[in-house]
Amino acid sequence: MPDTSTGSTGNTAVPSRRTVLAATAGLSAALAAGGTARAGARPGEDSLRALVARMTLEEKVGQLFVTRVYGHSATAPDQADVDANLKELGVRTAAELIARYRVGGIIYFAWAHNTRDPHQIADLSDGIQRASLELPRGLPVLISTDQEHGAVARVGEPATLFPGAMAIGAGGSRSDARTLGRIAGRELRAMGIRQDYAPVADVNVNPANPVIGVRSFGADPRAVARLVAAEVTGYQRSGVAATAKHFPGHGDTAVDSHTGLPVIPHSRAQWEALDAPPFRAAIAAGVDSVMTAHLVVPALDGSGDPATLSRPILTGILREELGYDGVVVTDSLGMEGVRTRYGDDRVPVLALKAGVDQLLNPPDLDLAWHAVLAAVRDGELTEDRLDTSVLRVLRLKAKLGLLRDPYVGQAGVDRAVGVRAHLAAADRIAERTTTLLVNEGRLLPLSRRRHPRLLVVGADPASPSGTTGPPTGVLAEALTALGFTATALPTGTAPSAETVARAVAAAGDADAVVAATYNVTASGGQRTLVERLLATGRPVVAVALRNPYDVARLPGVPAVLAAYSWTDVELRAAARVIAGRVAPRGRLPVPVPRADDPAQVLYPIGYGLSY
């Protein structure tokens with residue numbers, strides 16, 4: 001049974017360094033030189049192996065799990081979060097979760113109310129560490145999140161938010177990718193988050209990809225590889241583990257692995273040429289962790305099993321052929337892609353047999369935890385196999401300084417998170433990403449003299465972090481700050497005839513219209529809206545908020561920009577380009593196919609106008 005012992009886990013004062021060292025007394029020999037803890041000291045391999053040898057089987061099993069938990073506090077979450085924890089996890093709090101299952105990691109989500117603000121996040125992180133370290137043989141917890149930036153961000157403002165991967169791909173600067181990783185890593189570490197599930201190493205060669213898209217740096221494997229390596233370097237120089245995902249590559253699928261099991265039709269040669277280069281580059285850069293994909297690649301494993309459960313892929317290719325010996329973490333085990341062939345009790349066992357080290361967010365933690373425990377006791381998994389993965393996890397915790405001092409406190413948050421220099425760096429990087437695809441008659445930049453009154457219409461997709469937007473409002477505010485009089489009129493992703501008519505009427509009082517589009521379809525309301533606005537005779541500027549492929553569905557629009565995401569930093573950059581404060585510098589990192597003949601390229605990789 002799990003260890004259910006608990007201790008006092010108040011969520012206020014951070015224990016002294018002496019308390020931290022005492023809680024990890026089993027590592028004292030590795031932490032000390034002449035009896036004094038050395039700054040930056042890391043436990044040696046022998047000490048880590050000795051630590052593993054002292055662990056119970058239940059503790060070893062726990063170290064392999066990374067799970068969600070609801071609440072802003074480790075010990076005093078809101079009642080709604082207590083109820084959610086009881087329903088999904090059988091515990092009330094993060095402290096109880098750790099005591100029962102001895103989990104090695106916790107993943108933060110905004111929807112789990114873990115990421116309200118930076119100071120609260122730091123308090124939660126310290127409370128989690130305290131809850132674990134006060135247990136017998138307690139170990140620090142590796143706290144993680146998905147902070148890709150752009151379309152996926154769990155920590156929002158006032159933390160610094162950067163452009164997403166495809167925008168960085170449009171900028172093409174390894175220095176910018178490295179700076180993003182360095183600054184984002186510093187801020188995450190200040191909040192107690194030491195593992196980031198970024199960067200995305202998938203090469204997005206399928207415009208219809210429903211799950212990767214703008215989360216990828218682009219469609220050129222070599223360019224993606226360079227930016228992946230740079231971002232990995234930036235994160236890890238800040239003391240945060242980067243994670244290259246989703247191995248062996250999720251860039252050529254029309255199925256979302258959250259809801260189904262994709263099949264990648266690439267031959268082995270195609271995989272080597274298209275999918276492998278970014279992962280090879282990440283490994284060469286020393287990436288701390290690699291995340292698996294819940295998809296089938298018949299050319300790599302003909303069994304029909306998803307890569308997460310494939311020994312030929314994870315051990316044969318990733319470990320043996322690519323020489324990777326870092327931590328392998330699954331994508332969420334709650335996704336349908338990994339649950340279609342096997343039950344939730346079999347998936348974690350099969351993942352470990354395939355070569356995984358960390359089991360991320362199983363839908364039923366108790367079932368998964370006991371399944372792994374039973375597999376060892378029944379002989380399906382050996383304890384030596386568990387020891388191998390536990391040792392990898394502990395090596396990573398040691399490298400990140402968690403075995404020396406896992407606490408962060410509040411002072412570091414004030415020094416690092418959302419500081420002026422970081423915000424300015426994000427704005428500068430964003431300015432180098434906006435891509436001008438169409439500019440007939442040199443409509444852009446708009447003139448404050450000829451076009452003083454602007455109407456901003458379009459989609460207002462929900463903020464990735466819940467703290468930015470709405471896009472039409474952000475664009476209007478930014479353009480007003482740049483000297484225009486801009487009015488926002490949200491029309492949504494599927495505007496009705498009534499909404500279109502209202503926008504057309506409002507355009508009569510404007511000198512130009514800015515239309516924010518989001519995944520335009522051939523017959524959808526967004527295209528109808530733009531066509532009706534064009535018919536008014538008012539100049540129309542389209543800003544593609546997500547996929548740059550929108551431009552192929554917008555014939556006749558005189559000016560089209562690609563922003564690659566709808567977070568504030570990218571929208572402010574687009575506004576500065578529209579106003580002529582900066583020249584557009586981005587270049588397409590993916591080809592844009594023709595809407596009427598997708599086999600033909602309308603705009604190639606590297607295309608982009610300027611002025």
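This report describes the backbone exceptions, selected residue environments and nonpolar cores of a predicted model.

**Backbone geometry**

Most residues other than glycine have a negative phi, and most peptide bonds are trans. The residues and bonds in the table below depart from that pattern.

| Feature | Value | Location |
|---|---|---|
| cis peptide bond, Ala198 and Pro199 | omega about 10° | Pro199: loop between S8 (195-196) and H10 (221-237) |
| cis peptide bond, Leu444 and Pro445 | omega about 0° | Pro445: loop between S13 (435-439) and S14 (453-458) |
| positive phi, Arg442 | phi about 50° | loop between S13 and S14 |
| positive phi, Asn519 | phi near 55° | loop between S16 (512-517) and H20 (525-535) |

The loop between strand S13 and strand S14 contains Pro445, and Arg442 also has its place there. Pro445 is joined to Leu444 by a cis peptide bond, while Arg442 has a positive phi although it is not a glycine. The side of the chain at Arg442 is open to solvent in the computed sense: this residue is exposed, with a relative accessible area of 74%.

Asn519 is the other non-glycine residue listed with a positive phi, near 55°. Its setting is the loop that leads from strand S16 to helix H20. At a relative accessibility of 30%, Asn519 counts as partly exposed, because that value falls between the 20% limit for buried and the 50% limit for exposed residues.

**A buried tyrosine**

Tyr101 belongs to helix H6, which spans residues 94-101. With 1% relative accessibility, Tyr101 counts as buried, because the value is under 20%. Between Tyr101 and Arg194 the C-alpha to C-alpha distance is 21 Å, and the two residues are 93 residues apart in sequence.

**Nonpolar cores**

How many residues make up the largest nonpolar core? This core holds 112 residues, and the members that touch the most others are Phe65, Leu97, Ile106, Ile128, Phe247, Val287 and Leu318. Helix H14 (residues 365-377) gives the most to this core, contributing eight residues.

Which residues does Phe247 touch, leaving aside those up to four places away in sequence? Its contacts include the aromatic residues Trp271 and Phe279, together with Val290, Met291, Thr292, Ala293 and Ala307. Also touched by Phe247 are Ile313, Leu314, Ile317, Leu318 and Leu322. Leu318 thus appears both as a contact of Phe247 and among the members of the core that touch the most others.

Another core lies apart from the largest one; it has 69 residues, including Ala151, Leu489, Val500 and Ala515.

Terms used: Residues are numbered from 1 along each chain as its sequence is written. This is a predicted model: local features need pLDDT of at least 70, side-chain atom pairs count only at pLDDT 80 or more; totals for chains, interfaces and linings use all residues. Side-chain values use heavy atoms; hydrogens and water are left out. Helices (H or I, at least four residues) and strands (E, at least two) are DSSP runs, numbered from the N terminus. Buried means under 20% relative accessible area, exposed over 50%, partly exposed in between (1.4 Å probe, protein chains only). A nonpolar core is a set of buried Ala, Val, Leu, Ile, Met, Phe, Trp, Tyr and Cys residues joined through side-chain atoms within 4.5 Å. Contact means heavy atoms within 4.5 Å.
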